[in-house]
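This report describes a single protein model for a reader who has not met it before. Please keep the sequence and the structure in view while reading.

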Amino acid sequence: MPEPRGAVDLVVSGRIATLAGRTGFGWAEALAVSDGRVVAVGTRSDMEALAGHATEHWHLRPGLVVTPSLTDAHLHLALASLAAGQPDLTGLDLAGVAAAISAAHHRLLDQGDASGWLLGHGWSFDALGERPGVSLLDETAPGRPVALWAHDHHSRWLSSTAIALAGIAGLADPPSGRIERDQHGAPTGIMVEHAAGLVDGVIPVPTASAVEAAITAYARDLARLGVTSVHDPGGVAPDPELRSGPRLYRALAGVGRLPLRVMACIREEQLERAIEAGFRTGRSDQEPGSGRSAGEPASGRYRD
């Protein structure tokens, strides 16, 4: 790695995991940072030689390690960002889910929202111990449409109000999907695979400003955890007009509000709009060599 010009801003010494050099993964004693970027990795003495009178020196405590940043190879970024503000039901049993949905319902009531949608995620059949139904949601959030994604996004749990709004009782099972029904043929509230999307058409679309704010906040949280790049396979609901995904990431990157590199997929139903918007396979709108300043969001990178 070439040495920086002038004194570096920071020298970190300790247990440094690195992929620098031609040998792949290895360990180094120290690294040097200048203008928010790692500019050299090597021995402690070599890195100290790059320091000046204003250089900061960090010495890692035993047990700590510095690693290269991480890439999440499968993250629905826009959906995950919105879900971060919804009830997380991961690992909860029926009583735990009831308490969480009741609390969320009353928070909405306190905000003056008596009948708006309550969305959540994370539940699993294993944690619940049984296949749930509409009754629990109807009792804990009476009169409110509720739609809860399972932890794997292969099933969705709906309240009776949500089922009625989407007209699901009169629908046949979609291809590659199943509406679970009781012995009388009434939907139980569990929608499997493609049937889980039957309710999407009646769930209000979040405003662009709400989505942008959620992505910005969530991306910053990811960056703080060391995740600096994500591969987004696209939303789970059709978006033929390309309202979000690559187009939204491009806009956020353009104003410096995307502290991640996003490799965003274009789905088949989006191809026409993507071509009109000027997207091209494998091309990045981030100029080579552009980077990020210390404490500043990245200019962003996506691949379309």
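## Surroundings of S155

In this predicted model, S155 is in contact with W123, F125, L148, W149, A150, M191 and V192, when its neighbours within four places in sequence are left aside. S155 belongs to strand 8, which covers residues 155-158. With a relative accessible area of 6%, S155 is buried, because the limit for that class is under 20%.

## The aromatic cluster

Two of the residues in contact with S155, W123 and F125, also take part in an aromatic cluster, which they form together with W157. Across the whole structure, a search finds three aromatic pairs. One of them joins W123 and F125: the ring centres are 4.9 Å apart and the planes stand at 85°, so this pair is edge-to-face. W123 has a relative accessibility of 0% and counts as buried, whereas F125 is partly exposed, with a relative accessible area of 24%.

The rings of W123 and W157 also make a pair, with centres 5.6 Å apart and planes at 75°, and the pair is therefore edge-to-face. W123 lies in strand 6 (residues 118-123) and W157 in strand 8, so the pair ties together parts that are 34 residues apart in sequence. Both W123 and W157 are buried.

## Helix 8 and its cover

Which residues of helix 8 are buried? In this helix, formed by residues 246-254, they are P246, L248, Y249, L252 and A253. These residues cover an arc of only 160° around the axis, and therefore lie on the same side of helix 8.

The cover over the buried residues of helix 8 includes two helices and two strands: helix 2 (77-83), helix 7 (208-224), strand 11 (227-232) and strand 12 (261-264). After helix 8 comes G256, which has a positive phi, near 75°.

## L109 in helix 3

L109 is located in helix 3, which spans residues 94-110. Its relative accessible area of 34% makes L109 partly exposed, since that class lies between 20% and 50%. If residues up to four places away in sequence are not counted, L109 touches A114 and R144.

## A nonpolar patch on the surface

Four residues, L19, F25, W27 and V65, make a nonpolar surface patch of about 440 Å². One of them, V65, has its place in the loop between strand 4 (51-59) and strand 5 (70-72). V65 is partly exposed, and its relative accessible area is 38%.

## The chain as a whole

The protein chain contains nine helices and 13 strands. Taken along the principal axes, its C-alpha atoms fill a box of roughly 80 × 50 × 40 Å. Of the 304 residues in the protein chain, 39% are buried.

How much of the contacts with a separation of 6 or more comes from residues 24 or more positions apart? In the protein chain, such residues account for 67% of these contacts. The area that the protein chain exposes is about 16400 Å², and carbon and sulfur atoms supply 54% of it.

Definitions and conventions
Residues numbered from 1 in each chain as written. Predicted model: local features only at pLDDT ≥ 70, side-chain atom pairs only at ≥ 80, totals over all residues. Heavy atoms only, no water. Buried < 20%, exposed > 50% of the residue type's maximum accessible area, 1.4 Å probe, protein only. Helix = DSSP H or I, 4+ residues; strand = E, 2+ residues; numbered from the N terminus. Arc of directions from axis to C-beta. Contact = heavy atoms within 4.5 Å. Patch = residues over 30% accessible without salt bridge, like charges linked within 9 Å, V, L, I, M, F, W, Y side chains within 5 Å. Areas by Shrake-Rupley, 256 points an atom, 1.4 Å probe, with all protein chains shown as cover. Salt bridge = Lys/Arg side-chain N within 4 Å of Asp/Glu carboxyl O. Phe/Tyr/Trp six-rings, centres within 6.5 Å; stacked < 30°, edge-to-face > 60°.
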